[in-house]
Each structure stands twice: as structure tokens, then as C-alpha cells.
Amino acid sequence: MTRLPRIKLAPTILLFLIFALCTAPVTIKDRPFPPISTTLFVTIASIAAVFVVGGRWWAAVVAVPSVVAIAILIIDGRDVTLHDHVLPGFLVAFSNVETAVAIARAALSRSMYGDSRIFLGAASYLLIGIAFTMVHQRIAILDPEAYRVPGATPEYPIGRWIDYLWFSFSTLTTSGFADVTARNSWARLACTLEAMTGVMFPAIFLARMVSEASAEDMTGKP
């Protein structure tokens, strides 16, 4: 893959993820989970992005768990229960993490430079937050007492996906608004891992990015 297509794709990936997050309240509405159509759209876009920045192997690795997750939900049809979403949710989270790793590797590769690295790094960071959103909600499904969610209702006793999206990014950025709280050991472990990732990822990524930029300046190559 040549350098130019990768550079042009970098801001597109970030803008797509930001758009997906900003439209989540509209697309989800009163559903406890994002509709399958939204998940399918995001999956196709992620696979395409990983194919461009990482090649066929990375695209296949990302595609398999996502396709299996969507297939499970489609086979279950309209009679899907909360527990039917547990395995697909973890599979999608795993796929998101794989995508984040592939994008981060591309950002720090020698075929990428300048603002494109920043765009891809930010996209990877957002994907990590989305992956932990899936993890938090699946822990809540397995144990309804794992989280205290103000948005919970008798119809949706564990709250909605959008509630966990808010909680995930407040944890990832260590904002800690405390309106949603973790109660059991697994939920707190997930929060600990996410908070550590939220602190360490920007520090490590920026350090590597500065190192690569310095190496480029020394060699005189863009």
C-alpha cells in the first residue's frame, strides 16, 4: 500500500468514528443495544480501514469475530434476550481492540508521518473506549448488580448501551463523573484496566510519535 492512500484515509477513519459516536443517541433511541444495521456498518468500515493500513491478514483477523457476532444475532432473530448479547458483545469488543492495535501500529510505521499519525492515534483511542463499552455492558448482563446506572428502568434494568458508552469514556479519560459506578470485582477490574489504558496509551503513543518525528528530522526524510 502506498503512502498517499494511507495518509488520506487517516482523517477519514477518525471522522467516521466521531460521527458514529455523535449520532449514537439518535440511532439507538430507546434500544438497550445498537441496532444490528449500525453494528454491521461499523464492522464493514473497520475491516476496510484495517485492510488499507494493515493488509489482508489484519483485515481477516478483525473480520472473523465481528462476522461471527453479527451472525449469532441474526440467527437468534427477534427473540434475542439480554444474555444472547453476551458472546457477540465480547467478540465485537475483541474485534475493536484488534482494530485499535492495527491502526496504532500503522500510525507509528515509517510509511506514516505528520498529522496522519495524530488522526490514527486518536481513532485508536476512540476504538478502545468503544471496546470497553461492550465489556462493561456484558459484565452488567452477567451480574445486574455490577453497576449502578441512573438510566436503568424496569424495562431495561441494566441501563442502555449509551449509558455504558458514557461510563466507558469517563473512565478512559479518568474524568470520573461518578453518576455510573462499578460495584463488583469484575466491573472494578474492567475499570482499573481501562483507566490504566487511558493514562498509558497517550503517554506511550506520544513518546513514540516524538521519537519517530525526531528520527525523520535527523535523516531528512518526511
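Six aromatic pairs are found in this structure, which is a predicted model. In one of these pairs, the ring centres of tyrosine 125 and phenylalanine 201 lie 5.9 Å apart with their planes at 35°, so the pair is classed as tilted, since an angle that is neither under 30 degrees nor over 60 falls into that class. Tyrosine 125 belongs to helix α6 (residues 115–142) and phenylalanine 201 to helix α8 (residues 185–219), so this contact ties together parts of the chain that are 76 residues apart in sequence. Both tyrosine 125 and phenylalanine 201 are buried, and together with Phe205 they form one aromatic cluster.

Another pair is made by tyrosine 147 and phenylalanine 167, whose ring centres are 5.6 Å apart and whose planes meet at 75°, so that this pair is edge-to-face. The pair links distant parts of the chain, with tyrosine 147 in strand β1 (residues 147–148) and phenylalanine 167 in helix α7, 20 residues apart. Tyrosine 147 and phenylalanine 167 are both buried. The two pairs are set side by side below.

| Pair | Distance of centres | Angle of planes | Class |
|---|---|---|---|
| Tyrosine 125 and phenylalanine 201 | 5.9 Å | 35° | tilted |
| Tyrosine 147 and phenylalanine 167 | 5.6 Å | 75° | edge-to-face |

Helix α7, which contributes phenylalanine 167 to the second pair, comprises the twelve residues 161–172, and at 1.5 Å a residue these should span 16 Å, which agrees with the 16 Å that separates its end C-alpha atoms. The helix is mostly covered, for eleven of its twelve residues are buried; among them are Trp161, Ile162, Asp163, Tyr164 and Leu165 towards the start of the numbering, and Ser170, Thr171 and Leu172 towards its end.

After α7 comes threonine 174, which has a positive phi, near 55°. Serine 175 is located in the loop that runs between α7 and β2 (181–182). Is serine 175 buried, exposed or partly exposed? With a relative accessible area of 40%, serine 175 is partly exposed, because this value lies between the limits of 20% and 50%. The side chain of serine 175 also makes a polar contact, at 2.8 Å, with the side chain of threonine 173. Computed along the sequence, serine 175 and alanine 195 are 20 residues apart, while in space their C-alpha atoms are separated by 9.6 Å.

Notes:
Residues are numbered from 1 along each chain as its sequence is written. This is a predicted model: local features need pLDDT of at least 70, side-chain atom pairs count only at pLDDT 80 or more; totals for chains, interfaces and linings use all residues. Side-chain values use heavy atoms; hydrogens and water are left out. Helices (H or I, at least four residues) and strands (E, at least two) are DSSP runs, numbered from the N terminus. The expected span of a helix is 1.5 Å times one less than its number of residues. Buried means under 20% relative accessible area, exposed over 50%, partly exposed in between (1.4 Å probe, protein chains only). A polar contact is a pair of N or O atoms within 3.5 Å; within protein, one must be able to donate a hydrogen and the other to accept it, and residues adjacent in sequence count only if both atoms are side-chain atoms. Rings of Phe, Tyr and Trp (its six-membered ring) pair if their centres lie within 6.5 Å; planes under 30 degrees apart count as stacked, over 60 as edge-to-face and the rest as tilted.
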